[in-house]
Number of protein chains: 2
Amino acid sequence: MEDSGFPLSPTVAFATNRMATEFAIPSQVESAATKMSEFVQFHSSAGRRVVLVTSGGTKVPLESKTVRFLDNFSSGRRGACSAEYFLASGYAVIFLHRHRSLYPFVRKYAGVNLLDALQTTSEEGSVTVRVEVDQKALPNIIHVLHCYQAVKKDRLLLSVEFNTLSEYLHLLKAAAQTLSPLGSKAMFYLAAAVSDFYIPASEMPEHKIQSSNGPLQITMKMVPKMLSPLVKEWAPQAFVISFKLETDPSIVVDRARKALDTYRHQVVVANVLDTRRGCVVIVTKESQTELVLSDEEILKEVEIEEKIVCNLSAAHSNFIEEQRIMTEQ
Amino acid sequence: MEDSGFPLSPTVAFATNRMATEFAIPSQVESAATKMSEFVQFHSSAGRRVVLVTSGGTKVPLESKTVRFLDNFSSGRRGACSAEYFLASGYAVIFLHRHRSLYPFVRKYAGVNLLDALQTTSEEGSVTVRVEVDQKALPNIIHVLHCYQAVKKDRLLLSVEFNTLSEYLHLLKAAAQTLSPLGSKAMFYLAAAVSDFYIPASEMPEHKIQSSNGPLQITMKMVPKMLSPLVKEWAPQAFVISFKLETDPSIVVDRARKALDTYRHQVVVANVLDTRRGCVVIVTKESQTELVLSDEEILKEVEIEEKIVCNLSAAHSNFIEEQRIMTEQ
C-alpha cells in the first residue's frame, strides 16, 4: 500500500486523541485563548469578518531538553504579506506565527540593520538629542508606519506566537474554537509550514544526543492531520484554506485535489518551491484558477499575495451568501 | 566501544578529504575570502589582534531542494554579545554568523517591533516629515548607536553570513587560512552551534519527502571535526577556543577536557544549557576556572560574556608572549 492509510481515512477521534495524549498543552495556550476570544468578540460585534492567518515553520524537538530540532523552510513571508492584504480588505486578523518569523509591515525592513538606519541630531542650543530615521535606509517608511499605526489604533491585528509543533497544534485548536461562533464569517488561511513528522515525547532522549555514539538514526511518526477535526468539529461552518507546497511541479495540483477530497474544506492554494512568489493555483472542488504575476507586475513589485487575497475574499463573500441561503431554505 | 573511534583519532586528511568530497564549495566563499583578506591586512598592518567569532546554528538539509532541515538551538546571543566585548578590548572582529541570528549591538533590540518604536514629526510651517525614535522603546539607544557607529567608522567589524553546514565549513576554512599569517595574534572563538550530523548530498532525496509514504527514517553521518585541520594545518599558531554545550552538568567538564586532549587547542569554554547565561567553566590543559555571575551582577545586568572575553584576552596576551619567547629561543 503506497499510503499508510491515515491521510486517506482521517478520523477526527484519531487526530484529537493523538493530540491529547502525545502533545502536552503548552503553558501559553490559556492566555492566548483569552486574548483571541476578546478579539473575536470585539470585531464580530462590529460585524467584521475575522481571518486566522498561520505563518512560519514549526520546530520539532529531537531531545526533550532541546539542543537539536527538525525545522521546515519558511521565512513567514507569505503569511505576513497576506495578513497585510487581508487587513486592507477589511478583515480583522489573528496572526498565529512562528516566533521571529516575518511580521506584517515591519517585514519590509527585515534585511536592514536598524542601527544603519538611525542618526542622532540635536538642535542648536538644545541639550536634547533626537534619534532620527534616515528615510533612504527604510524606503517608504512614512507610508508603512501610517498603515501600521492605523491597524494598531483600530486593534485589527492580534499577534499570537508559537515555536514548536505542539504549541502550534494547541493554539490552532484554541483559535478554531474561538472563531467557530462566527460561522461562515470566519476564515482560516493556513499558510504555516507544519511538520509532517515528529518524535513522541515518550520516545525522546532527555539529554543531548552524543555524537560519539556514532551515526544518528531517527525514526519519526506522522503528525495527525488537524484539518480533519478543524473542518468537522472545531469550526464546521468556517471558510478554510490550506496550502500545498511541493518541489515537484508535476504532482502539486493532484495532491491539492486529493487534500480537498480528503478533508472536504473549501480551497487549497497549490504552489511549487521555486516559483511560489510568482505563481500559485487556487484549487476548489469546482475550479482551478492559476494566478500569475506578469513581467510588468514583477517590475512594479506587485506581490502575488495581493491576488491570492483578492481571489479568496471574493470567494469568501460567495461562501457566506451560499450559507445564508442554505440556512434560510 | 563507546566511541566510534573517529573523534578520538581525528586525522587531518580524513576531515579535509571528506569536506572536499561531500560538501560542495558554496558560491559566496570566494568573495567572502577576498573581504576577509582585505580586513585582516588592514588591521594587521595597524598591529591589531583579530578574532574570528562564529555564532548561531547550522542548517542541515534533509532534501536537496530543501523544505526540511535539521537545526541546532542557537539564537546567536553568546556570539553577538562576545563580539561587542572583543571590540571593546581592542580586537578587530570577523563575525561569521548564521543569517538572521543575533548581531552585535542591534541584538539589544531584537524583541522590539521597529514600527512600535517610531513616530512621525513635522515642524510648524514645514512640509518635511521626520521619523523619530521613541527612546523609551529602544532603551539606551544613543549610547548603543554611538558605539556601533564608532566600530563602523574604524571598520573593526566584518560581517560574514552562513546558512547551511556546508557554507559554515568552507567559510571557516577560508577564514582560518586568511588569519593564519597573523600567527599567535589571531584568535578563533568558535561559539557557533555546529551540527554533529549530516546527510551526504549523494544520499539525499531530490524532492520533498512525501508524508504519505509513512513514518520517516533518517540516517545521518557524523560531520568531520574541523578543529583538527584548523589546529594542525589551517592556522597552526593561532589561539583557539572551542565551546562545549551539554544538557547534563555531570559530563560537561570531562567532555571539555577530552576535546582538549583530542584536538590540542588552547581553551574549551564548557557550559550547560540551563545555566549558560550565568555560569561557564574555562578549561585549559593546566587549569579550570569557573566564571559565575553574582546576584548583584545579575541585578546590574552584567553579561557573562564580559567575564569570558576578559579572561580570554588576558590568556591570549600570555599566549602571544610565550610564543614570542619560544620563537626567540
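How many residue pairs are in polar contact across the interface of chain A and chain B? The rule finds 23 such pairs, both residues being at pLDDT 80 or more; a polar contact is a pair of N or O atoms within 3.5 Å, where within protein one must be able to donate a hydrogen and the other to accept it, and residues adjacent in sequence count only if both atoms are side-chain atoms. The model is predicted, so that local features need pLDDT of at least 70 and side-chain atom pairs count only at pLDDT 80 or more, while totals for chains, interfaces and linings use all residues. Residues are numbered from 1 along each chain as its sequence is written, chains are lettered from A and ligands numbered from 1 in the order in which they are written, and side-chain values use heavy atoms, with hydrogens and water left out.

The side of chain A that touches chain B draws at least two residues from each of strands S3 (68–72), S5 (118–122), S6 (129–133), S10 (216–222) and S11 (239–246) and from helix H4 (141–153). Helices (H or I, at least four residues) and strands (E, at least two) are DSSP runs numbered from the N terminus. H4(A) gives the largest share of that side, 8 residues. By residue class, the side consists of 33 nonpolar, 19 polar and 19 charged residues; Ala, Val, Leu, Ile, Met, Phe, Trp, Tyr, Cys and Pro count as nonpolar, Asp, Glu, Lys and Arg as charged, and the others, Gly among them, as polar.

In total, 71 residues of chain A are in contact with 71 residues of chain B, contact meaning heavy atoms within 4.5 Å. The area buried between the two chains is about 6,600 Å², and carbon and sulfur atoms give 56% of it; buried area is the accessible area (1.4 Å probe) that two parts lose on being put together, summed over both. Between chain A and chain B there are 6 salt bridges, each a side-chain nitrogen of Lys or Arg within 4 Å of a carboxyl oxygen of Asp or Glu. In one of these, Arg130(A) is joined to Glu132(B), with the closest N and O atoms 3.6 Å apart.

How are the two copies related? A turn of 180° and a shift of 0.0 Å along the axis lay chain A on chain B with an RMSD of 0.0 Å, which is the relation of a two-fold axis. The superposition is by least squares on the C-alpha atoms of residues with pLDDT of at least 70 in both copies. Since 100% of the interface residues of chain A are also interface residues in chain B, the copies meet through the same surface.

Strand pairing also crosses between the chains. S10(A) and S10(B) pair in the antiparallel sense over 5 bridges, and Leu216(A) has Met220(B) as its bridge partner; two strands pair if DSSP finds at least two bridges between them. An open antiparallel sheet of 4 strands has the order S2(A)-S3(A)-S3(B)-S2(B). S2(A) and S2(B) stand at its edges with a single partner strand each, so one side of each is left without a neighbour in the sheet.

Within chain A, 5 bridges join the antiparallel strands S5(A) and S6(A), with Gln119(A) partnered by Glu132(A). Their hairpin has 6 residues between the strands, and there Gly125(A) takes a positive phi near 80°.
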